[in-house]
Amino acid sequence: MSKKTLITGFPRIGENRELKRAVESYWNGKSTIGELEDKAGELREKHWLEQKKRGIGFISINDFSLYDNMLDTVVMLNAVPKRFIPIRNVTERYFAMARGVKEAAAMEMTKWFNTNYHYIVPELENDMEFHLNPEKILKEYHHAKSLGIHPKINIIGPITFTALSKMSERSDTFSFFNRIFEVYKSLVNVLSELDEEIYLQIEEPIFVKDPCRKYLDLLNPVYNGLSSLSTKIKIIVTTYFENSCEAVEELAGTGIWGVGLDFINGRDNLSVLDWLADKHLVAGVVDGRNIWRNDLQKTKALLCEIAEKIDREKIIVSTSCSLLHIPYTVKNEPENDMNRWFSFAIEKIEEVVLVDKLFRDEPFSSEEEKGVVENMMSHEERKKSELITCPYVTERVRAEGNGSRKETAADRFDVQKKLLDLPSIPTTTIGSFPQTPEIRRARRDYKMGRISCDEYEEEMRKYIDECIHIQEVVGLDVLVHGEPERNDMVEYFGEQLKGFHFTSNGWVQSYGSRCVKPPIIYGDISRKEPMTINWIGYAQSRTKKIMKGMLTGPVTIINWSFVRDDLSRSEISKQIALALADEIDDLQNRAIKIIQVDEAAFKEGYPLRMKNIPEYEEWAVNSFKLTVSKARKETQIHTHMCYSEFNDIIETIELMDADVITIETARSGNRLLNIFKEVGYSKGIGPGVYDIHSPRIPSIEEYKGQIEQRLEVIDSSLFWVNPDCGLKTRRWEEVKPALENMVKAVREIREIREIREDGYESPRE
C-alpha cells in the first residue's frame, strides 16, 4: 500500500455511539471492565479496517481513548495527582480523574484550542514521580499488526503537554519539562524495539498559537534529541487549526522525518515551505473540522502550489486535523437532497484518496471516476440552489444589522433592583434540569408520530410543574422551566429557524461519553414563529417567583454548528441575532423579567492568532448587543460562558453589556475570577460552585468554602450563586441534594455575614 495518504486521527465514539454506551454501561455497573475493553478493541479494529480498505497509507493508533487523549498521556507519564493515588484499581483511577469521586474532585476540563472538544487539564505537582507506562500503545500496536496494518503511532507532544498543564502551587509548569522529556525519550527507546520502521506522529498544536520564545527554543533540543535515539523511528511533528510558521523554521534544522501542517485553517504555512525541502510534508488539505464536500479540483491546485516548493514524492496528502470533530458517515443519514453536499469522516477518507490520485495523475477505478464526477456536480448544484439565499433576510440585515441597548448598566441596575426585589446573593441555576428517560422517550415518540401533539405537550407541562415544585421546595430565588422540550441548546433553536439542516446520526464527541449533534447552517436564517414563549409563559404562570427565559446566543449557535462556507460568519451571526431579538421582545411582552442569552461557546470561537482576534471580537460582541437590543431597561439580561480564561477578554465581556454573567469555575476556584476584581467589574456575576460534569454531591461546608473563597474577589452586591452549567446530563438523585446543599450554604453565609435581605447596592460606573 502506498504511503502517500494519511489520516491525522479518527473519531472514536463509534458509528452508532457504541463507545458511549459501553463506557456508560461500565459506569453504571451493568458491565465489566473486560467487556468495555472488548468493545473498545472491536471499535479500534473496525476503524482501522475502514481506513485500510479505502487505501489510506498511514493509519493511526493511540488516537482512540476511553475518555480523552490528554488524560491518556497523564497515565502514560504517571503524572497522576496525589489525591487519586489511593485508588488502586487503574481503571477506576482513570475515570475518577475525569469525573471525580466522593473523596477527590475531578481534574479540570477545558476546550481543546478553538474546538468544542473538551480535554482533561493535566496537573503537575512537585513530588510527582514521572515514569513510562506504555502498555496502551503497545497493545494497540500489536493488535494493528495482527491485522496486517503497519500503524502510525499518535502521541501528544511534550511541549504541548507541558504548556497545557497547570500547577496547584505557584510555579512554572516548565520547571517539570526536563523530567517529562526523559519519559518521552524512554518511550522512543521502547518503540524502537517494536519494528524495523516506526512512524511516530507527535502532535504539537501549541505552536499554532502565537508561540513564546521559551517554547520555540525547546524545539531544536527536543526533536534533535528524540530523532537521534533511533534511526528506526521516523518522527512526524504535527500541528493543526492554524499556521505554525515560527515552529516550522525551528523544526527545519532538526533530524525529524516529516512535518504535518494544516493548509485549510493555516494558509500562511505556504510561506515557510522553503524551509522543509529535505523533509516529508504531511499536507492537511482536506478539512477535518467542517462537513462540506471537498472541492477536488481546488485541492489539487493547492497541492500543485505546495509541490512548487516540496518534492511531490515527499508530499503526503492528509486531513487538516483529526476527524474527531465531525460525524462518522453520511451514509447513515435519511435520503435528502442536501446529503450530496456533505462529507463526514468516512467520506473524508475517500476524498483524501481521490485528491491524492488527482494530484499524482494516477488512474481511477470506475467507482472513483464516478465519485469525481459527482463531486463536481454537487458543487455546481449547491451554488445554484434556491435553498441558500433569502432576499428578505439580506435586506433586513442591511437595514437593522446594528443595534444595542440605550440605557447604561448602572441605570438598568437601579430599575431592575427595585422591580426584581431579590435577596442578596441570589440563587439560581443555568437552565436545564435532568433529561429523564421518560422525557427523552416522549420527545422521541412525538417525533415518530406515536403520540399526539396534545399528549406530548401534556408530558412536558407535567415535567415543568415538577421542576418548579422542586425548585420552590429547595428555595431557589430565580427559577427555570427545566427545558424538557429541548433536545440540545443549539439544535432546539436551529429546528425552529430557517436555514438549518439537522442530521439523524451526526454525533460528535464533546467530552468523555458526552456527544452532540451539531446542526448544519446551509442558508440564510430567519425565525419562522416564536420559539420559547409558550413554554416559558406557561412556566411563569405556575409560580409567583421569577422565571428566566432561556435563549442560546448567536455566537454559540455558530460555534457549535457546522457553518456554511460561502458567507462570512459575521453576516450569519447578524441573521441569527435579529431572529433572537424578536424572541426577546416577545418574551418581555409576556412579563418575563429575566432573559438569559447563553454564549457558552463565545471564547472557543476566538482565533488562535492575536492578529485575527479584533475582527472576531467586533462581530461577536456586536451580534450579542444586536440580540439584546430590544430588551427594555426593566428586563435583566443574563449570559453564560463555559470553560474560559478571562484575562485576555475581560474588556470584551464588559463590552457585551450583559447585566449578569455566569461562568464555570467549580474546578478552578478563584483562578479565573481575579481578573474581574482587578478591572473593577461592576455587573452581576455568578461563578459556578457546583461541578455538573461530576456525579459528586458537594456538602454544605464545601459550598460555603467555595462561596467564601469567591467573595474574596467579588463584591457581595454583585454575587450570584449557581451551578457551573446546565443540569441535563445529571440525575435527579444527584441534583436535588446538590441544590439543597447549595441553597442552605447561601442561607448560612447570609446569616454569618449579616447581609441585608432587601437587595444590594448599585454597581460602580
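**Exercise 1. Describe how helix α24 packs against helix α25, in angle, distance, handedness and residues.**

Solution. In this predicted model, helix α24 (residues 700-711) and helix α25 (residues 732-753) pack with their axes 8 Å apart and at an angle of about 55 degrees. Helices here are DSSP runs of H or I with at least four residues, strands are runs of E with at least two, and both are numbered from the N terminus. The axes are lines fitted to C-alpha atoms, for helices over the stretch in contact, and the angles run from 0 to 180 degrees between N-to-C directions.

The next step is to classify the angle: α24 is oblique to α25, since angles under 35 degrees count as roughly parallel, over 145 as roughly antiparallel, 65 to 115 as roughly perpendicular and the rest as oblique. The crossing of α24 past α25 is right-handed, a term used if the near helix is turned clockwise from the far one by less than a right angle, whereas anticlockwise is left-handed.

Finally, the contact (heavy atoms within 4.5 Å) involves, among others, Tyr703, Ile707 and Leu711 of α24 and Met742, Ala745 and Ile749 of α25. The residues of this contact divide into 10 nonpolar, 1 polar and 6 charged, where Ala, Val, Leu, Ile, Met, Phe, Trp, Tyr, Cys and Pro count as nonpolar, Asp, Glu, Lys and Arg as charged, and the others, Gly among them, as polar.

As to sources, residues are numbered from 1 along each chain as its sequence is written, and side-chain values use heavy atoms, with hydrogens and water left out. Because the model is predicted, local features need pLDDT of at least 70 and side-chain atom pairs count only at pLDDT 80 or more, while totals for chains, interfaces and linings use all residues.

**Exercise 2. Carry out the corresponding description for α10 and α11.**

Solution. The axes of helix α10 (residues 296-306) and helix α11 (residues 345-360) come within 9 Å and cross at roughly 55 degrees, which makes α10 oblique to α11. Their crossing is right-handed. In the contact, Leu296, Gln297, Thr299, Lys300, Leu303 and Cys304 of α10 meet Glu351, Leu354, Val355, Leu358 and Phe359 of α11, and these residues divide into 7 nonpolar, 2 polar and 2 charged.

**Exercise 3. Identify the residues with the most contacts inside the largest nonpolar core, and follow Ile306 outwards.**

Solution. A nonpolar core is a set of buried Ala, Val, Leu, Ile, Met, Phe, Trp, Tyr and Cys residues joined through side-chain atoms within 4.5 Å; buried means under 20% relative accessible area, exposed over 50% and partly exposed in between, with a 1.4 Å probe and protein chains only. The largest core has 140 residues, and those with the most contacts inside it are Trp112, Ile159, Tyr223, Phe263 and Ile306. Helix α11 gives the most to this core, with 9 residues. Not counting residues up to four places away in sequence, Ile306 touches Phe263, Leu270, Leu273, Leu281, Ala283, Val285 and Ile315. Apart from this core lies another of 97 residues, including Ala442 and Leu739.

**Exercise 4. Place isoleucine 592 in the fold and decide whether it is buried or exposed.**

Solution. Isoleucine 592 lies in the loop between α20 (569-589) and β20 (594-598), and it is buried, because its relative accessible area is 2%. Leaving out residues up to four places away in sequence, isoleucine 592 touches Ile536, Gln540, Met547, Lys548, Gly549, Leu587 and Thr635.
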